[in-house]
Amino acid sequence: MLVAFEGIDGACKTTVMKLLKQRKNVSQYEFCEMFESPLGGALHEILENKGANLAKKYSLAADWAWIYENKTIPALKANKIVIWNHYADYALAYRYAEENSEDSDTHDFVHKINIPFKKPDLTFYFHIDEQTSRKRTSSQNRKCLHTTEFLRRVNKFYENKVQVDSTYIEIDASQPIEQVYEFVNSILQTFEFHKSSLLKINHARADMLVRLLNKQYYNDSFFLGAQANLIGNQVPKGVEKSSKFHARFLYYIACNDHGLKSNNMYEKAKRLYEEHSEYFDPNTIINLSEDDIFNAIVKRLGARYPNALLRSWIENTNFIIQNYGGEPINLFTSTNDAYELLKNIKKLRGYGPKISGMLVRAIHGLKFNPALKNMAAVLVPVDIHDARILFKTGVFSVPESPKFDYYDYVLPAQKELLSACNRNRLDWTIVDKALWLIGSHNKTDSLVRAVMKANG
């Protein structure tokens with residue numbers, strides 16, 4: 001997996017990299033930085049000379065090429081997490097901000113020369129404002145190489161990338177360094193594989209799998225029919241999509257998706273809402289007794305785990321009243337950062353990683369908050385079902401271990417599915433929806449047959 005750290009000077013990228021080097025298992029990570037090649041020393045001198053644009057362009061590319069070929073490629077083949085402090089977008093961002101109008105071909109040149117480098121699976125954009133950048137640089141006794149306007153243009157480049165590139169994750173790097181580190185580490189941990197194994201990954205077959213799922217989702221009759229069962233498509237009659245009433249309905253039903261067949265639960269919940277919408281209003285529920293909630297709501301939904309549903313209905317009602325004025329839509333729109341929203345939703349009873357991620361993606365897809373960004377931080381919600389699919393389709397194999405627990409391979413499954421989507425420029429949320437529908441409708445065997453047929 002390839003990860004890039006991007007941002008202007010003073011955004012603590014190097015400091016976070018140093019902490020990761022100190023605290024991470026080196027057998028799972030490879031860290032790459034500029035100037036690590038034999039050209040590094042000479043390149044430092046070239047960069048100090050602002051007039052050496054031609055030498056700067058070629059030397060920087062040569063430095064990266066050496067590091068990429070000698071460190072990055074071997075580490076990726078060994079299934080390590082490779083982290084670059086400044087990668088291809090760094091060169092593009094700083095050339096974008098160049099003030100030398102006489103060198104107008106620079107940006108196109110840099111873009112072309114970086115084409116051979118693999119696109120990152122995730123890019124962390126460490127964001128600080130230009131004034132903070134210059135203050136931090138000065139406080140570290142470093143020379144401020146760029147003007148405030150130049151840094152503003154670099155930030156603009158990265159901010160544009162955040163809007164159009166789903167693999168970008170923006171971090172508020174003005175926070176204390178440990179908070180920034182914990183944010184980065186919490187995401188990286190998801191991709192670490194802690195169990196020693198001889199896991200083999202067929203990346204070509206993973207590519208074929210995600211392309212097949214993406215194609216089937218839009219064209220196969222099963223998927224076209226089953227899409228009605230996705231949580232984002234659950235709207236009671238008379239309710240406007242993305243309204244506060246729609247938010248109430250989703251808030252209460254999403255956490256019960258694991259308790260019974262989702263399509264059955266959704267239909268019962270919609271009927272209940274259409275007859276008694278007040279049962280989805282926190283300000284009404286707070287005044288009901290446990291017996292009233294159990295008899296009027298839980299029994300009507302026919303939950304597999306009625307007591308768990310009762311506790312969720314009560315505790316989540318209290319939570320939304322105490323923290324968000326009794327309206328779920330206030331939670332849905334409480335932040336423009338998808339990762340922060342995910343953390344807040346995980347506080348709810350019944351909302352584990354998969355269900356929380358499902359709701360965040362529904363909130364994003366339904367545009368409850370059109371400004372919501374950083375969806376790449378809401379990682380592919382892989383579970384044991386998806387790990388099993390990767391083994392059955394031949395993406396994963398452990399030749400010397402015929403007996404193993406699929407649970408041990410959930411994290412590498414998550415990593416490979418996301419990487420395969422990025423390699424093929426596919427929207428991973430579509431692949432995730434396809435896998436979700438396959439699991440909920442017991443279609444795994446038919447998927448395996450389709451993959452094997454496509455593989456010849």
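In this predicted model, Cys-32 is buried, with a relative accessible area of 0%. Cys-12 is likewise buried, its relative accessible area being 13%, and both values fall under the 20% that marks a buried residue. The count of disulfides in the model comes to 0, a disulfide being taken as a pair of cysteine sulfur atoms within 2.5 Å.

Cys-32 also appears among the contacts of Ile-83, which touches Val-3, Phe-5, Met-17, Leu-20, Tyr-29, Glu-30, Phe-31, Cys-32 and Leu-188 when residues up to four places away in sequence are left aside. Ile-83 belongs to the largest nonpolar core, a set of 151 residues in which Ile-83, together with Phe-5, Phe-124 and Phe-126, touches the most other members. The element that gives the most to this core is helix α21, which spans residues 428-440 and supplies 8 residues. Because domain 1 (2-196) and domain 2 (200-454) both contribute residues to the core, it lies between them.

The wider setting of this core can be described for the protein as a whole. The secondary structure comprises 22 helices and 7 strands, and 53% of the 456 residues count as buried. Of the contacts between residues at least 6 apart in sequence, 74% join residues that are at least 24 apart. The protein exposes about 20900 Å², of which carbon and sulfur atoms supply 49%.

Charged side chains were examined next. Side chains of opposite charge can pair when their charged atoms come close. The count of salt bridges in the model comes to 22, with a nitrogen-to-oxygen limit of 4 Å for such a pair. Glu-30, which is one of the residues touched by Ile-83, forms a salt bridge with Lys-71, and the closest N and O atoms of this pair are 3.7 Å apart. The pair links distant parts of the chain, since Glu-30 lies in strand β2 (residues 29-33) and Lys-71 in helix α3 (residues 53-77), with their positions 41 residues apart in sequence. Lys-71 counts as partly exposed, at 21% relative accessibility.

A further salt bridge joins Arg-423 and Asp-207, whose side chains meet at 2.8 Å, N to O. Here too distant parts of the chain are linked, with Arg-423 in helix α20 (residues 410-423) and Asp-207 in helix α9 (residues 203-219), 216 residues apart. The two partners fall into separate accessibility classes, Arg-423 being partly exposed at 29% relative accessibility, whereas Asp-207, at 15%, counts as buried.

The salt bridge between Arg-152 and Glu-149, by contrast, is contained in one element: both residues lie in helix α7 (residues 148-164), 3 residues apart, which is about one turn of the helix. The closest N and O atoms of this pair are 2.5 Å apart. Arg-152 is partly exposed at 37% relative accessibility, and Glu-149 is also partly exposed, at 38%. Beyond these pairs, Asp-89, Lys-119, Lys-161 and Asp-165 are linked in a network of salt bridges.

Terms used:
Residues numbered from 1 in each chain as written. Predicted model: local features only at pLDDT ≥ 70, side-chain atom pairs only at ≥ 80, totals over all residues. Heavy atoms only, no water. Helix = DSSP H or I, 4+ residues; strand = E, 2+ residues; numbered from the N terminus. Buried < 20%, exposed > 50% of the residue type's maximum accessible area, 1.4 Å probe, protein only. Contact = heavy atoms within 4.5 Å. Areas by Shrake-Rupley, 256 points an atom, 1.4 Å probe, with all protein chains shown as cover. Core = buried A, V, L, I, M, F, W, Y, C linked by side-chain atoms within 4.5 Å. Domains from an automatic or database assignment.
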